[in-house]
Amino acid sequence: MQKITLPERPHWRAQAKDVGFTFADMHGEPYWDETSAYAFSLDQIENGLEDPATELHAMCRDAVAHIIASEHLMERLAIPKAHRDLVAESWKRSDPEIYGRFDFAYDGQGPAKLLEYNADTPTSLYESAAFQWQWLEDQLAAGVLPEATDQFNGIHEALVTRFGEVFEEGSDLHFTAVAGNPEDYGTVEALGWAAREAGLGAHYCDLEKIALSDDGQFLDDEDRRIAVLFKLYPWEDLLRDDYANHISGSGCLFLEPAWKALLSNKGLLPVLWEMFEGHPNLLPAFFEADVADAIAGQGAPSEAVAAAFGRAEAQLGAGHVRKPILSREGASVSILKSGKVIEQSISSDYAELPRIIQAYAPLPQFDGFRPVIGAWIVGQACAGIGIREDRSRITQDLSRFKPHYVTP
Amino acid sequence: MIKRSNRVAIAILGATAFTLAGCREEQVDAAAYPNLQSCLDDASRGGIFTVQDCETSFSQAQTLHVEAAPRYDALEVCEEQHGDGACGTEATATQGGSGSIFMPLLAGYLMGNMLGGRAGMSAAQPLYKTSDGRFTNATRSSTFSSNSGSAKLNTSQFTRPAATVGKTPMTRATASSRGGFGASGSGRTGFGG
């Protein structure tokens, strides 16, 4: 894995504008950045990222079954009591998953380490699946990259296949997101294209415009019934909205399904560590409530995790990260080394929630930037990657998206 | 093995275009026939459709008829819309249908020269009589003066009509409230991660 400086495509800004990629610059900073790219060997892609991600998704499915069987774990993951059945039912009915994104710390040498699973509302799909792909095609055509250079990016085709597996041809799907956010919308439309290519009808409606019918079904902005709703809006928010009580009786299939609320939750990380302690792609992780005193040197860990904590104590002591169980774009995350905060995110959203402790896996540094590898799961297998890098140790919403390629 | 897609969708069209992208206003050659035989006759004279097109389309239109014909709860209501003698029960139209649901009889079909397999589209559409002696499609969104002849039509004419069998999505309903989603996230700028 290397970071290689490459000439930018001369017309990429015009191209971005033409195709509607309006968030290529965000907050006055470049978001799409092709002044350099990450290069991987095929071995790094297949054995370092693809296979581990596919395996981790299978482990996560095991974790869902485990959590659903335990009121205690549902509680720890802050699933509202009133909606635990909704979550459990979605799993028992095998409501299908479409996509998700693992975030990995990976330097090309040691095993990729799972930082978290964006299993419910991952974004940056458009730039991963489409714009990055176009970049490679253009750079190949321009002779900037040698012939036979590849990219780990079968995301679009995998999505088309997945939609085709899950839905009968001609089915109507609705897609929704909160109005006025081009970044979220880009992801939604990338999914809509894939659904349409799979022979399905794709309709968009702003989330705030969804209505409830007299007989308890959800309707779009033209009062048409919604049979399937892809929502780029997290379950933890849906379950706290006014319509939450109407979800289970609506007959509407939600995508991602409600059971993804258990994966897109940092509480997943200690559960995985408990189930698969020592797995090469996992970092030791615990619920803070179990180990807060022990980590501060002021007491013992709770009995259930005492042995596992003992085995991880030295690693946690060297550095650990504290994350609220629900947070996105790095909000309220802090990194501690030898008891001192070495980095803390600016945003304090989600600060009131329970937290987990995870051993610190520093991101590798390339020219002063730290990349996080996003490994896309489509259906149940890894289909491609997208990379975001940040100057900070915590990847936040000012990070840059970097293209990648696989060396021939 | 190549690890990237052969093709992708590169354009972000925006929310307004999204709904319409499956049926943009491009035009196709289209023809209407009162029955299968008239289509076959036309094909043998070298019309725009082949014998096989006729047969496939006629069977598609019949399937759509069963699935998506307008349905009424009384014969009088159906005949008000489609004219005297132009309706029958669901039971006569399809096995296992109800004797107390009424549908117009199939009065022809509209064929579009499509590029095949397009999402949410059907290249053959059933036609029904209207009470004033013209013809209409399953959703009754378009009216044609005749059930035979050819023309250029917008592809949107070939949007697959919503199913009316049972209680289905995409039929219209009355909204009792709106705006019950989205409040929990207010104040944040993005919802993905």
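Two strands count as paired if DSSP finds at least two bridges between them. The legends below use the term in this way and describe a predicted model.

**Figure 1. An open sheet of 5 strands in chain A.** The strands stand in the order β6-β5-β18-β19-β20, and their pairing is antiparallel. At the edges are β6 (113-118) and β20 (400-402) of chain A, each of which pairs on one side only. Averaged over neighbouring strands, the turn of one against the other is 30 degrees, with direction ignored. Helix α2 of chain A, residues 42-68, packs on this sheet. The helix touches β5, β6, β18 (370-378) and β19 (381-390) of chain A, and its direction makes about 125 degrees with that of β5(A).

**Figure 2. The pairing of β5 with β6 in chain A.** Strand β5 covers residues 99-105 and runs antiparallel to β6(A). The two strands are joined by 5 bridges. One residue to look for is A:Asp103, whose bridge partner in β6(A) is A:Glu116.

**Figure 3. A salt bridge between β19 and β1 of chain A.** Side chains of opposite charge can pair when their charged atoms come close. Here the side chains of A:Lys3 and A:Glu389 meet, with a distance of 3.1 Å from N to O. A:Glu389 belongs to strand β19 of chain A and A:Lys3 to strand β1 (residues 2-5) of chain A, so the salt bridge ties together parts that are 386 residues apart in sequence. Over all chains, a search of the whole structure finds 35 salt bridges.

**Figure 4. An open sheet of 4 strands in chain A.** The order is β8-β7-β11-β12, and the pairing is parallel. β8 (201-206) and β12 (253-255) of chain A each have a single partner strand, so one side of each is left without a neighbour in the sheet. Neighbouring strands are turned by 25 degrees against each other on average, direction ignored. Strand β11 of chain A, residues 228-232, is joined to β12(A) by 3 bridges. Within this pair, A:Phe230 has A:Leu255 of β12(A) as its bridge partner. Helix α7 (residues 182-197) of chain A packs on the sheet and touches β7 (172-177), β8 and β11 of chain A. The direction of helix α7 makes about 170 degrees with that of β7(A).

**Figure 5. Strands β14, β15 and β16 of chain A.** Strand β14 (residues 320-324) runs antiparallel to β15 (residues 334-337), and 3 bridges join them. In this pair A:Arg322 stands opposite A:Ser334. β15(A) is also joined by 4 bridges to β16 (residues 340-344) of chain A, again in antiparallel fashion. A:Lys337 stands opposite A:Lys340 in β16(A). The hairpin of β15(A) and β16(A) has 2 residues between the strands, and A:Ser338 takes a positive phi near 45 degrees there.

**Figure 6. The interface of chain B and chain A.** In contact here are 47 residues of chain B and 85 residues of chain A. The area buried between the chains is about 5600 Å², with carbon and sulfur atoms giving 55% of it. The interface holds 6 salt bridges. B:Arg7 forms a salt bridge with A:Glu197, and the closest N and O atoms are 2.1 Å apart. Polar contacts across the interface link 32 residue pairs. On the side of chain B that touches chain A, the elements giving two or more residues are α1 (15-20) and β10 (175-178) of chain B. β10(B) gives the most, with 4 residues. The residues on this side of chain B divide into 19 nonpolar, 20 polar and 8 charged.

Key
Residues are numbered from 1 along each chain as its sequence is written. Chains are lettered from A and ligands numbered from 1 in the order in which they are written. This is a predicted model: local features need pLDDT of at least 70, side-chain atom pairs count only at pLDDT 80 or more; totals for chains, interfaces and linings use all residues. Side-chain values use heavy atoms; hydrogens and water are left out. Axes are lines fitted to C-alpha atoms, for helices over the stretch in contact, and angles run from 0 to 180 degrees between N-to-C directions. Contact means heavy atoms within 4.5 Å. Buried area is the accessible area (1.4 Å probe) that two parts lose on being put together, summed over both. A salt bridge is a side-chain nitrogen of Lys or Arg within 4 Å of a carboxyl oxygen of Asp or Glu. A polar contact is a pair of N or O atoms within 3.5 Å; within protein, one must be able to donate a hydrogen and the other to accept it, and residues adjacent in sequence count only if both atoms are side-chain atoms. Ala, Val, Leu, Ile, Met, Phe, Trp, Tyr, Cys and Pro count as nonpolar, Asp, Glu, Lys and Arg as charged, and the others, Gly among them, as polar.
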